[in-house]
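I am opening the notebook on this model and want to record, entry by entry, what I looked up. I begin with the overall make-up and then turn to strands, core and backbone.

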Amino acid sequence: MQKRFLLEIYGGLLGIIILLGFGFANLPQENLRVSFLDVGQGDAILIQTPQQQRILVDAGPVGNILTPLGEELGFFEKKINLVIITHPDADHIAGFAEVLRRYEVENILLTGIVGESTWYQDLLQQIAQQKIHTIIADAKTDFDFGGGVIVDTLYPLENLAGKKVADTNATSITTRITFGKTSLLLTGDLDIAGEKDLLATGVNLSADVLKLGHHGSHTSNSEEWLAAVNPEIAVVSAGKDNQFGHPHADVIERLKGKKILSTMEIGNIDLVSDGNTWVNVN
Ligand SMILES: [Zn+2]
């Protein structure tokens with residue numbers, strides 16, 4: 001058996017599909033494992049595919065990522081195939097410096113917006129120094145990880161590289177990940193205006209698992225949005241007793257009847273899909 005695809009880029013009607021998997025469609029499928037890492041007040045989500053590909057979406061604030069990441073990957077695993085930097089706020093990116101020092105990162109997906117924080121400047125410099133392959137996100141950029149795992153970039157709708165923005169949250173890379181009949185939606189800190197933009201496109205937003213936008217803040221997670229996504233499981237990634245009051249009580253009220261899992265109560269949250277259903281294996 002040989003490795004069939006590595007970063008072949010296809011331009012076509014479906015947009016750009018970047019194949020990071022090995023492409024053995026007929027191999028028996030195993031599980032997709034998603035871990036919402038306990039990084040305190042911030043986001044860091046690790047996805048491990050059936051074909052042993054690893055995706056890290058954000059890396060939390062400084063100093064918190066290596067322990068939970070090591071618990072999930074094991075001591076000897078050093079490769080991460082794709083890093084997604086949803087937006088350049090410290091509670092999502094400050095942990096990347098440690099990740100890039102400890103792990104071999106093959107590809108990075110980012111928006112390329114202009115950001116003046118030292119964390120972001122240093123991170124961009126580190127990426128350039130290590131010559132990591134970078135991909136600018138837009139709604140046409142999708143990844144096929146083989147074994148039936150597709151990472152579909154929904155937002156930003158357009159390439160934002162080089163743009164100065166007033167509110168970085170509003171540029172958050174939003175991805176819908178599907179495996180068999182199961183799906184997962186990750187929105188970074190996308191705000192209600194971004195949710196509206198996405199709703200207006202008519203794109204399929206439904207997902208069994210939703211990481212609540214902006215740590216469960218009421219500046220995200222509008223009623224219309226939650227109705228469109230209609231998750232079975234909502235995940236809050238936030239720190240205990242955080243100063244922002246995340247998650248907001250109104251958002252929790254909107255999710256009545258749904259299963260809500262929170263890193264501040266559980267620590268790392270591990271969800272496993274066999275392609276038909278999700279199981280919380282904590
Ligand atoms: Zn945040």
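**Overall make-up.** I counted eight helices and 17 strands in the chain, taking helices (H or I, at least four residues) and strands (E, at least two) as DSSP runs numbered from the N terminus. This is a predicted model, in which local features need pLDDT of at least 70 and side-chain atom pairs count only at pLDDT 80 or more, while totals for chains, interfaces and linings use all residues. Residues are numbered from 1 along each chain as its sequence is written.

**Confidence.** I looked up pLDDT, the predictor's confidence in each residue from 0 to 100, and found that the chain averages 92, with 91% of the residues scoring at least 70. Over residues 1-13 the pLDDT is below 50, and this stretch has 15 contacts in the model beyond near neighbours in sequence; I take two residues to be in contact if their C-beta atoms, placed from the backbone, lie within 7 Å. Residues 23-28 also have a pLDDT below 50, with six contacts beyond near neighbours in sequence.

**Dimensions and packing.** I compared the radius of gyration, taken over C-alpha atoms, with the globule rule of 2.2 Å times the number of residues to the power 0.38. The chain has 17 Å, which agrees with the value near 19 Å for a compact globule, because that is the value for 282 residues. Along its principal axes the C-alpha trace spans about 50 × 45 × 40 Å. Among contacts between residues at least 6 apart in sequence, 67% join residues at least 24 apart.

**Burial and core.** I call a residue buried if 20 or more other C-beta atoms, placed from the backbone, lie within 10 Å of its own, exposed if 12 or fewer, and partly exposed in between; 46% of the 282 residues count as buried. A nonpolar core is a set of buried Ala, Val, Leu, Ile, Met, Phe, Trp, Tyr and Cys residues joined through C-beta atoms within 7 Å, and the largest one has 64 residues, with Ile-84 and Val-83 among those with the most contacts inside it. Leaving out residues up to four places away in sequence, I found Ile-84 touching Ile-55, Val-57, Leu-109, Ile-173 and Thr-175.

**Parallel strands β13 to β15.** Strands pair if DSSP finds at least two bridges between them. I found β13 (residues 209-211) parallel to β14 (residues 233-236) over three bridges, with Val-209 bridged to Ile-233. Four bridges join β14 to β15 (residues 259-262), again in parallel, and Ala-234 stands opposite Ile-260. Helix α6 (residues 223-229) completes a right-handed β-α-β unit with β13 and β14, as helix α7 (residues 249-254) does with β14 and β15; right-handed means that, with the strands pointing away from the viewer, the path from the first strand over the helix to the second runs clockwise.

**Backbone exceptions.** Most residues other than glycine have a negative phi, and most peptide bonds are trans. The bond from Tyr-155 to Pro-156 is cis, with omega near 0°, and Pro-156 is in the loop between β10 (149-155) and β11 (174-179). His-246 and Pro-247 are also joined by a cis bond, with omega about -5°, and Pro-247 lies in the loop between β14 and α7.

Which burial class does Asn-221 fall into? Asn-221, in the loop between β13 and α6, has a positive phi near 65° and counts as buried because 28 C-beta neighbours lie inside 10 Å.
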